[in-house]
Amino acid sequence: MTDSNLPAIQLANAITAQLGQLRRHLALAPPHEAAQILATVLDYDTGLLGEVTDLVSTGSRFAKHHSERGALPPEVWLALGRAANELNSVGADLNEHTGTIKQVAAPTAPSSRPATVPVASAMVLRRRR
C-alpha cells in the first residue's frame, strides 16, 4: 500500500491530474493550438514523452537492483526495461514528425494560390458510401 502523504506520491497524483486536464484541452483545442500542445508534448529532448521515457527507464534501474537482491521478480525488471525501450523507440519515431506538427501550429498568412484538393495517402484510404 502506498503512503499518499509522501511528497513524491502527491506529486505523481498532481501530475496525473494535470495530464488529464491537458488531454481535455487537446481534445477541445482548435487545430493550431492542438498542434502546439502535441509538438510540446512530443518534443523528445524537452517534452513530456522524453521525460516519461526517462522516468520509466529510472524505474527499470530500480527494478533491476531490487530483482538482483530478490525483492522483486525479474519479470518486473524485464517488463519495465521493455517499456522503456519501446517508449524510446516510439519517441524517436514521433520526434521525426514534430517539425511537421509545429508547421500546423504556426500561424500562416492566407495564400493567394488556389487550395489543392488533399490526396489520400497509401496509409489512409477512406471508403465512400
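**Warm-up**

Does Leu 11 count as buried or exposed? Leu 11 has 52% relative accessibility. The cut-off for exposed is over 50%. Leu 11 therefore counts as exposed. Keep in mind that this is a predicted model.

**Exercise 1. Describe the overall fold of the protein chain.**

Step 1. Take the secondary structure. The chain has 5 helices and 0 strands.

Step 2. Read along the sequence. The pattern is α-α-α-α-α.

Step 3. Turn to burial. The chain has 129 residues, and 19% of them count as buried.

Step 4. Look at contacts between residues at least 6 apart in sequence. Of these, 52% join residues at least 24 apart.

Step 5. Finish with the surface. The chain exposes about 10,600 Å². Carbon and sulfur atoms supply 60% of that area.

**Exercise 2. Find which residues make up the largest nonpolar core, and which helix gives the most to it.**

Step 1. List the members. They are Ala 29, Ala 34, Ala 35, Ile 37, Ala 39, Val 41, Leu 42, Tyr 44, Leu 49, Ile 101 and Ala 105, 11 residues in all.

Step 2. Sort them by element. Helix 2 (31-42) and helix 5 (98-105) are the elements that give two or more residues.

Step 3. Pick the main contributor. Helix 2 gives the most, with 6 residues.

Step 4. Zoom in on one core member, Ile 101. Set aside its neighbours within four places in sequence. Ile 101 is then in contact with Ala 35, Leu 38, Ala 39 and Leu 42.

**Exercise 3. Check the span of helix 2, then say what its buried residues pack against.**

Step 1. Work out the expected span. The rule is 1.5 Å times one less than the number of residues. For the 12 residues of helix 2, this should give 16 Å.

Step 2. Compare with the model. The end C-alpha atoms of helix 2 are 16 Å apart, so the two values agree.

Step 3. Name the buried residues. In helix 2 they are Ala 34, Ala 35, Ile 37, Ala 39, Val 41 and Leu 42.

Step 4. Find the partners. The buried residues of helix 2 pack against helix 1, helix 3, helix 4 and helix 5.

**Exercise 4. Locate the nonpolar surface patch and its source helices.**

Step 1. Name the residues. Leu 11, Ile 15, Leu 19, Leu 48 and Val 52 make a patch of about 370 Å².

Step 2. Assign helices. Helix 1 (7-28) and helix 3 (48-68) each supply at least two residues. Helix 1 gives the most, with 3.

Step 3. Return to the warm-up residue. Leu 11 is found in helix 1.

**Exercise 5. Compare the settings of Thr 53, Glu 86 and Ser 67.**

Step 1. Start with Thr 53. It is found in helix 3. Its relative accessible area is 4%, so Thr 53 is buried. Beyond four places in sequence, Thr 53 is in contact with Tyr 44, Ala 84, Leu 87 and Asn 88.

Step 2. Move to Glu 86. It is found in helix 4 (residues 74-95). At 49% relative accessibility, Glu 86 counts as partly exposed.

Step 3. Link the two. Glu 86 and Thr 53 are 33 residues apart along the chain. Their C-alpha atoms are separated by 8.9 Å.

Step 4. Add Ser 67, which is placed in helix 3. Its relative accessibility is 12%, so Ser 67 counts as buried. Not counting residues up to four places away in sequence, Ser 67 touches Leu 72, Pro 73, Pro 74 and Trp 77.

**Exercise 6. Count the salt bridges and describe each pair.**

Step 1. Recall the idea. Side chains of opposite charge can pair when their charged atoms come close.

Step 2. Count. There are 2 salt bridges, with a cut-off of 4 Å.

Step 3. Take Lys 102 and Asp 43. Their closest N and O atoms are 3.6 Å apart. Lys 102 lies in helix 5, and Asp 43 lies in the loop between helix 2 and helix 3, so the pair ties together parts 59 residues apart in sequence. Lys 102 is partly exposed at 41% relative accessibility, whereas Asp 43 is buried at 16%.

Step 4. Take Lys 64 and Glu 68. Their closest N and O atoms are 3.3 Å apart. The two residues are 4 apart in helix 3, so about one helical turn separates them. Lys 64 is partly exposed at 34% relative accessibility. Glu 68 counts as exposed at 55%.

Notes
Residues are numbered from 1 along each chain as its sequence is written. This is a predicted model: local features need pLDDT of at least 70, side-chain atom pairs count only at pLDDT 80 or more; totals for chains, interfaces and linings use all residues. Side-chain values use heavy atoms; hydrogens and water are left out. A nonpolar core is a set of buried Ala, Val, Leu, Ile, Met, Phe, Trp, Tyr and Cys residues joined through side-chain atoms within 4.5 Å. Buried means under 20% relative accessible area, exposed over 50%, partly exposed in between (1.4 Å probe, protein chains only). Contact means heavy atoms within 4.5 Å. Patches are made of residues with over 30% relative accessible area and no salt bridge: like charges are joined within 9 Å, nonpolar side chains (Val, Leu, Ile, Met, Phe, Trp, Tyr) within 5 Å. Accessible areas come from the Shrake-Rupley method with a 1.4 Å probe; for residues, only the protein chains shown count as cover. A salt bridge is a side-chain nitrogen of Lys or Arg within 4 Å of a carboxyl oxygen of Asp or Glu.
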